[in-house]
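Biologist: Please take me through this model and justify each term you apply to it. I should like every label set against its criterion.

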Amino acid sequence: MSAPLIRVLVVDDSAFMRGVLPTKIEADPRFKVVGIAVNGRDAIDKTLALKPDVITLDIDMPVMNGIDALKEIVRVSTASVIMVSARTEQGAAITLEALAIGAVDFIPKSNGVERIHEKLLAAFEAKSHKTRSLAARPASVMRPSGPPRANGGARLSAKICIIGSSTGGPQALQTVLSQLPENLPVPVVVAQHMPPNFTKALAQRLNDTCKPRVVEAEDGAPLVKGTVYISPGGMQTRVTATELKVSAEQGESLYKPSVDVLAESARAAFGKNILGVMLTGMGADGAAEFTKLRKLGGYNISQDQASCVVYGMPRSLVEAGGADEVLPLDQIGVRIRAALGAN
């Protein structure tokens, strides 16, 4: 028996997008567009009537905008919502607000449809996971593979912390970084899968809400302890022992920025003196290089399945034998503090 179709509701006030998106979505036989809505109020009504698995939701619409509609949709439905966003600085800031409210991901209007099926699959996985996890699970710590290293809470000799994340990452980063102090003794470099403009808005939002200084990484900038660097979207970020290297993507990875590319450079620059953290996300980016790091003597923390929006990147790391600890999201920042001696 074939797998059930993933039911999608398309919400957009643009007649052009209402034509493009359904056609693109249904080009993959796993998806069926069950309805089209033209504004936020229409979206809420059709969400209740059609019970879609995933909703693509425009932001700027008449009658009711996407943000107001999202607030109601996450209250009345278990459907996962993907925002359809203008690729502008203002659009990026509003999109991050939508992610904070409960949207699981976004696509830029300009060329986001290129990866629409991957995004829809991740959103459907997030819906399935949310449905399974409505009952809270007790927090747990797991050391899944390899010989024991440091006990939970022990300090490590890390000189840098690298973090990888994708779907669900912006909110996961907010949770983790908000638990960190201003006086971190090492730099933190983040590779979050995002397009250009959005990473700058993410860095600004995190800087406004977290104690450590958070900036978008720039080529040639010095690595400074206590600073969190967000890798720019559409580019690859690497580190040396003293500075950041940001350059155009040259076929190294499907992802821009890539966790693997960042981690490989960190391993070359700092050897085993690295703390790796893998957060929620679709796919397997980072698993290969984090696993090499662990074999060298570095230490990796992976987010647990129950607290992930999408358990893809952390799962790949655990299955590759590259995770030293698996922790719930709300414990990861505390563990980083202890590992870095920043309590």
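Modeller: In this predicted model, residues 24 or more positions apart account for 73% of the contacts in the protein chain with a separation of 6 or more. The protein chain has 11 helices and 14 strands, and buried residues make up 54% of its 343 residues.

Biologist: Why is Leu 275 called buried?

Modeller: The relative accessible area of Leu 275 is 0%. Buried means under 20%, so Leu 275, at 0%, is buried. Leu 275 is found in strand E12.

Biologist: What is Leu 275 in contact with, leaving aside its neighbours within four places in sequence?

Modeller: With those neighbours set aside, the contacts of Leu 275 are Leu 156, Ala 158, Ile 160, Cys 161, Ile 162, Tyr 299, Ile 301, Ile 336, Ala 339 and Leu 340. As for Ile 160, its C-alpha atom and that of Leu 275 are separated by 6.4 Å, although the two residues are 115 apart along the chain.

Biologist: How do you know that strands E6 and E12 pair?

Modeller: Pairing requires at least two bridges. Strand E6 (residues 160-165) and strand E12 (residues 274-278) have 5 bridges, in the parallel sense, so the criterion is met. Gly 164 stands opposite Met 278 in E12.

Biologist: In which sheet do these strands lie, and what is its strand order?

Modeller: They belong to an open sheet of 7 strands with parallel pairing, in the order E8-E9-E7-E6-E12-E13-E14.

Biologist: What makes E8 and E14 the edge strands?

Modeller: Strand E8 (213-216) and strand E14 (325-327) each pair on one side only. From one strand to the next, the twist averages 20 degrees.

Biologist: Which helix packs on the sheet, touching E6 and E13 among other strands?

Modeller: Helix H6 (residues 169-177) does, touching E6, strand E7 (188-192), E8, strand E9 (227-230) and strand E13 (299-303). The direction of H6 makes about 160 degrees with that of E7. Helix H7 (residues 198-209) lies across E7, E8 and E9, and runs at about 170 degrees to E8.

Biologist: Why are H6 and H7 called roughly parallel?

Modeller: H6 and H7 pack at an angle of about 30 degrees, with their axes 10 Å apart. Angles under 35 degrees count as roughly parallel, so H6 is roughly parallel to H7. H6 passes H7 in a right-handed crossing.

Biologist: Which residues make the contact of H6 with H7, and how do they divide by class?

Modeller: H6 contributes Pro 170, Leu 173, Gln 174 and Leu 177, while H7 contributes Leu 202, Leu 206 and Thr 209. By class there are 5 nonpolar, 2 polar and no charged residues.

Biologist: What makes H2 roughly parallel to H3?

Modeller: Helix H2 (residues 40-50) and helix H3 (residues 66-76) have axes 9 Å apart and pack at an angle of about 15 degrees. That angle falls under the cut-off of 35 degrees, and therefore H2 is roughly parallel to H3. The crossing of H2 past H3 is right-handed.

Biologist: Which residues of H2 and H3 make the contact?

Modeller: From H2 they are Gly 40, Ala 43, Ile 44, Thr 47 and Leu 48, and from H3 they are Ala 69, Glu 72, Ile 73 and Val 76. These residues divide into 6 nonpolar, 2 polar and 1 charged. Glu counts as charged and Gly as polar, so Glu 72 falls in the charged class and Gly 40 in the polar class.

How values were computed. Residues are numbered from 1 along each chain as its sequence is written. This is a predicted model: local features need pLDDT of at least 70, side-chain atom pairs count only at pLDDT 80 or more; totals for chains, interfaces and linings use all residues. Side-chain values use heavy atoms; hydrogens and water are left out. Helices (H or I, at least four residues) and strands (E, at least two) are DSSP runs, numbered from the N terminus. Axes are lines fitted to C-alpha atoms, for helices over the stretch in contact, and angles run from 0 to 180 degrees between N-to-C directions. Contact means heavy atoms within 4.5 Å. Angles under 35 degrees count as roughly parallel, over 145 as roughly antiparallel, 65 to 115 as roughly perpendicular and the rest as oblique. A crossing is left-handed if the near helix is turned anticlockwise from the far one by less than a right angle, and right-handed if clockwise. Buried means under 20% relative accessible area, exposed over 50%, partly exposed in between (1.4 Å probe, protein chains only).
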